[in-house]
Amino acid sequence: MVTVSPQLAQRLRVRGSTVRGCFFHEDALRFEELQFFAFGNELITSLIALPQTERVTATARLDPLVPAGVWVEAWYEIEATDIIPMGRFIRHLVGPDLEVRSLVIDELPALGERPSVTPDLPVWAAEAISASQERYRQQYSELREIARSGLDIRKQQARARTSRIFEYRRQRLGSLINDEAAWIERAERGTSERDKRILPARRGKLEKRRQDLERLREEFKDELGRIENQEPSTRGRMLAAGLVVGR
């Protein structure tokens, strides 16, 4: 569950301040009624875009979880889109040794605090950003390969889910059609004047059900074709960079 203030929900233009969902792909398959908190989700997309749409008021922050000293911090997103979107939200920390410490973020990060004194930009900051971007390019290539190698499995999962939904709806419509046809047959053999009067309407209802079933079959066929033709598309970008002061 993700909860934001009513004011933030209004700024993000999302419906409601509390959203129930899950971050893990396996849970999303099990609990299809929940939102999947991945790239493309309305709330997650709005939260990621927030730093780019609002005026920046600080260039550095304190983070008690970071080792003491001044670090260059960079945030990236990488998204692979096909049948089931997948992606990574990545944080890089780079110190004066230019070693990139990378962490994949799977929950909302702590905001930290504003330092009482903003540190000077380190002389090695440009080199730190270059090292971070080189590591990012490696991670981008890794996720692109993961997306390509796992596409057949995701297609199989998507076909299975589509077939389950189709079969449920087909059986439900089939049951309604059988019930309607049985009622019409009884009314045609019976003597009830009331049933005779509404027979045309019930025949029309039966025909509509049959059309719905035929449309369902066509939609199922089209969806299977869409799944089969899916190819992964990968994109990524730097979201933000700044200084972080450890304690």
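This is a short walk through the structure, one selection at a time. What you have open is a predicted model, so treat each stop as a look at a prediction.

**Stop 1: strand E6 and its partners**

Start by selecting residues 69-81, which make up strand E6. How many residues of E6 are buried? Color by accessibility and you'll find 10 of its 13 residues buried, so E6 is mostly covered.

Now add strand E9, residues 233-246. E6 and E9 run antiparallel, joined by 13 bridges. To see one of these bridges, pick Glu-77, whose partner in E9 is Arg-237.

Next, bring in strand E7, residues 86-94. E7 also pairs with E6 in the antiparallel sense, this time over nine bridges. Click on Ile-78 and look across to E7, where its bridge partner is Arg-88. The way from E6 to E7 goes through a hairpin of four residues.

While you're looking at strands, keep a general point in mind: in a regular strand, side chains alternate between the two faces of the sheet.

**Stop 2: aromatic rings**

Stay with E6 and E7, and show the side chains of Trp-75 and Phe-89. The whole model holds four aromatic pairs. In the pair made by Trp-75 and Phe-89, the ring centres are 5.5 Å apart and the planes meet at 35°, so this pair counts as tilted. Because Trp-75 sits in E6 and Phe-89 in E7, the pair ties together parts that are 14 residues apart in sequence. Are these two residues buried or exposed? Both Trp-75 and Phe-89 are buried.

Step one residue along to Tyr-76, then add Tyr-136 and Tyr-140. These three tyrosines form one aromatic cluster.

One more ring before moving on: select Trp-183 together with Arg-202. Arg-202 lies over the face of Trp-183, 4.0 Å from the ring centre.

**Stop 3: helix H4**

Two of those tyrosines lead you to the next stop. Select residues 125-149, helix H4. H4 has 25 residues and spans 36 Å from its first C-alpha to its last, close to the 36 Å expected at 1.5 Å a residue.

Which residues of H4 are buried? They are Ala-125, Ala-128, Ser-132, Tyr-136, Gln-139, Tyr-140, Leu-143 and Ala-147. As you step through them, remember that an α-helix has 3.6 residues a turn, so residues three or four places apart point the same way. To see what covers the buried residues of H4, switch on the surroundings: among them are E6, E7, strand E8 (100-105), H5 and E9.

**Stop 4: the loop between E7 and E8**

Go to Leu-98, in the loop between E7 and E8. Leu-98 has a positive phi of about 65°, although it is not a glycine. With a relative accessibility of 30%, Leu-98 counts as partly exposed.

**Stop 5: salt bridges**

Now show the charged side chains. How many salt bridges does a search of the whole structure find? The count is 21.

Begin with Glu-228 and Arg-159, whose closest N and O atoms are 3.1 Å apart in a salt bridge. Glu-228 belongs to helix H6 (residues 193-228) and Arg-159 to helix H5 (residues 151-189), so this pair ties together parts that are 69 residues apart in sequence. Both ends are partly exposed: Glu-228 has 45% relative accessibility, and Arg-159 has 30%.

Stay in H6 and select Asp-212 and Lys-208. Their side chains meet in a salt bridge at 3.3 Å, N to O. The two lie four residues apart in H6, about one turn of the helix. Check the accessibility here too: Asp-212 is buried, at 14%, whereas Lys-208 is partly exposed, at 48%.

Further along H6, pick Arg-226 and Glu-223. Their salt bridge has its closest N and O atoms 2.7 Å apart. These two are three residues apart in H6, which again puts about one helical turn between them. Arg-226 is partly exposed at 39%, and Glu-223 is partly exposed at 26%.

For the last selection, show Arg-61, Asp-63, Glu-73 and Arg-91 together. These four are linked in a network of salt bridges. Glu-73 and Arg-91 bring you back to where the walk began, in E6 and E7.

Terms used. Residues are numbered from 1 along each chain as its sequence is written. This is a predicted model: local features need pLDDT of at least 70, side-chain atom pairs count only at pLDDT 80 or more; totals for chains, interfaces and linings use all residues. Side-chain values use heavy atoms; hydrogens and water are left out. Rings of Phe, Tyr and Trp (its six-membered ring) pair if their centres lie within 6.5 Å; planes under 30 degrees apart count as stacked, over 60 as edge-to-face and the rest as tilted. Buried means under 20% relative accessible area, exposed over 50%, partly exposed in between (1.4 Å probe, protein chains only). A charge sits over a ring if NZ of Lys or CZ of Arg is within 6 Å of the ring centre and within 35 degrees of the ring normal. The expected span of a helix is 1.5 Å times one less than its number of residues. Contact means heavy atoms within 4.5 Å. Two strands pair if DSSP finds at least two bridges between them.
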